[in-house]
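The exercises below ask for a reading of one structural model, and each is followed by a solution that goes step by step. Please look at the sequence and the structure before starting.

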Amino acid sequence: MGLPLFSASDDPGPSFFHFAQSAGLTSPTSSGTALSPHATTVIAVRYDEGVVMVGDRQATGNYIASRDVRKIEPADRFTALAISGTAARGIEFIRMAQLSFEHYEKMTDTALSLEGKANYLSPIIQRNNLTSPLLVLPLLAGWDSSHQTGRIFEYDGAGGCYERLDFATIGSGTPFAENTLRLGFSAGLDRDAALTLGALAIYEAGDNDPSTGGPDFVRNIFPMMVTISSEGFQELANEDVGERFRVINERRTQSGGVAGGSLR
Amino acid sequence: MSNYFYVAPEQLIRDRAEFAQKGIARGRSIVGAIYETGVVMVAENPSASLFKISEVYDRIAFAGVGKYNEFDRLREAGIRWADGTGFTYSRGDVDARALANYYAQHLGDMFTEGQKPLEVEILVAQLGNRIRPTKLYRIAYEGTISDEPRFAVLGGDAETIKARFAASEDSLEPLTTTLKNAVAALAGPDRTIDVGDLEVGILEDRGDRRTFLRLHDDQVSELLR
């Protein structure tokens, strides 16, 4: 690639996506029907000082393609991005988002607002999903420093962006995870309660959806758990996550696999 | 009916060089220097929002003197080139030398073929790691690229400032010493520069992927104490 210089009238501005399109760096749109590994469950729950995100680790094609996929990534220090849908497009999407936010910051010397980031992703999702069968549906959560609160944004297949004030789920395990969150959520949860509820939602999804991986005590692989708060993006240590799932698993074992009449 | 006058190529080049030098000399200068653990760039810049020094990539920074609109466009092109290259290959493949060469080619083309030469001088700095060296590339208005071993001065009064800085520092020093020397060299013996009129950026490993840091006025005052 040569030095990308533009005249003022066709300059793509601080948007990396628009620059990448003009330079031919984005994936071509396609109309094929190939499906690469997909299916997932990721949830986001708001708590009093931020957002908790929990995501399973399994990539599923006709059989299990991978057991240790990271479906939640920091898009920047205060923003997390999770993906569901086609893995290949999801990974490209995360790279595009990470680079776009950083690119904007370098070009303008100001960070994009959280709402600005959420809106920026809409046309990228729309372009992918309306021109290709390789769908991708992300979930964005972040710490909004100007409003001093955690915020969650979800998207529909056409790129529509919707803010959720309580919680959101994406992926094939959504019905099970969402029901758990619906029953267990209340406004102003603290961090620990939100983590417990999030873990339970993913446990339920893994228990009922064949395409969502639950805790894997044999390989010591557990769902990813992260918090996004004024401290930024923080991922819980594997031992900590393992312990939380071990507690749920113990209870379930004692009650013979049922929740036992209460949400626990 | 129009008349064509012959202009000797030597004359043409001289005129263009003179034009560019005049434009560059109107602005204030910049010092870029390697210190013990990084690279510092110091500019005299009364504006707190129109920057001369900028982050380009994880370990690459840019500084420009001369006409703001001209070097700012080069800065933007550099960021686009770096982000595009890193996206296509990998972050580790983004190299300051390649970027400096593109700048040199573009400035050279504009000098010989453009309506007018660009009235800018730019500096591309790279913080080294295991596979790449710490480097300062200075690119002049006519496309001359030079690989400066320890420090570079851009702008109108470059030779005088260069002599002052070279006299004060002969080995790698800590940031605070190099910054003091750079500010003293920019100011000269007869005046002092207010901290508010200094723009300072560094490239230094702090455990993050991105190594560029713009220093605030209070951080600069602290270092200059």
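Two residues are in contact if their C-beta atoms, placed from the backbone, lie within 7 Å. This is a predicted model, in which local features need pLDDT of at least 70 and side-chain atom pairs count only at pLDDT 80 or more, while totals for chains, interfaces and linings use all residues. Residues are numbered from 1 along each chain as its sequence is written, and chains are lettered from A and ligands numbered from 1 in the order in which they are written.

**Exercise 1. Describe the side of chain B that touches chain A.**

Step 1: By the contact criterion, 16 residues of chain B touch 16 residues of chain A.
Step 2: The elements of chain B that contribute two or more residues to this side are helix 2 (68-88) and helix 3 (96-113), where helices (H or I, at least four residues) and strands (E, at least two) are DSSP runs numbered from the N terminus.
Step 3: Helix 2 of chain B gives the most, with 11 residues.
Step 4: By residue class, this side of chain B holds seven nonpolar, four polar and five charged residues, given that Ala, Val, Leu, Ile, Met, Phe, Trp, Tyr, Cys and Pro count as nonpolar, Asp, Glu, Lys and Arg as charged, and the others, Gly among them, as polar.

**Exercise 2. Assess how compact chain A is for its length.**

Step 1: Chain A contains six helices and 12 strands.
Step 2: Its radius of gyration is 19 Å, close to the 18 Å that the globule rule gives for 264 residues, so chain A is as compact as a globular protein of that length; the radius is taken over C-alpha atoms, and the rule is 2.2 Å times the number of residues to the power 0.38.
Step 3: Along the principal axes, the C-alpha atoms of chain A fill a box of roughly 70 × 45 × 30 Å.
Step 4: Of the 264 residues in chain A, 47% are buried, a residue being buried if 20 or more other C-beta atoms lie within 10 Å of its own, exposed if 12 or fewer, and partly exposed in between.

**Exercise 3. Trace the packing around helix 4 of chain A and around A:I43.**

Step 1: Helix 4 of chain A covers residues 174-184, and its buried residues are A:T174, A:F176, A:A177, A:T180 and A:L181.
Step 2: These buried residues pack against strand 1 (41-47), strand 10 (167-171) and helix 5 (191-208) of chain A.
Step 3: Strand 1 and strand 10 of chain A pair in the antiparallel sense over five bridges, pairing being assigned if DSSP finds at least two bridges between two strands; within this pair, A:V42 has A:I170 as its bridge partner.
Step 4: Strand 10 of chain A is mostly covered, with five of its five residues buried.
Step 5: Leaving aside neighbours within four places in sequence, A:I43 has contacts that include A:A177 and A:L181, as well as A:F167, A:T169 and A:I202.
Step 6: A:I43 is also among the residues with the most contacts inside the largest nonpolar core, which has 136 residues, and B:V31, B:V42 and B:V124 are listed there too; such a core is a set of buried Ala, Val, Leu, Ile, Met, Phe, Trp, Tyr and Cys residues joined through C-beta atoms within 7 Å.

**Exercise 4. Work out the order of the five-strand sheet in chain B, and find what packs on it.**

Step 1: The sheet is open, with strand order 8-1-2-9-10 and antiparallel pairing.
Step 2: Strand 8 (151-154) and strand 10 (212-215) of chain B are the edge strands, each pairing on one side only.
Step 3: The twist averages 15° from one strand to the next, with axes fitted as lines to C-alpha atoms, for helices over the stretch in contact, and angles running from 0 to 180 degrees between N-to-C directions.
Step 4: Helix 4 (residues 158-168) of chain B packs on the sheet, touching strand 1 (30-35) and strand 8, and its direction makes about 150° with that of strand 8.
Step 5: Inside the sheet, strand 2 (residues 38-44) and strand 9 (residues 198-204) of chain B pair over seven bridges in the antiparallel sense, and B:G38 stands opposite B:E204.

**Exercise 5. Locate A:D109 and A:N220, and state the sign of phi in each.**

Step 1: Most residues other than glycine have a negative phi.
Step 2: A:D109, which is not a glycine, has a positive phi of about 60°, and A:D109 lies in the loop between helix 2 (87-108) and helix 3 (114-131) of chain A.
Step 3: A:D109 is partly exposed because 14 other C-beta atoms lie within 10 Å.
Step 4: A:N220 has a positive phi near 60° and sits in the loop between helix 5 and strand 11 (224-229) of chain A.
Step 5: With 10 other C-beta atoms within 10 Å, A:N220 is exposed.
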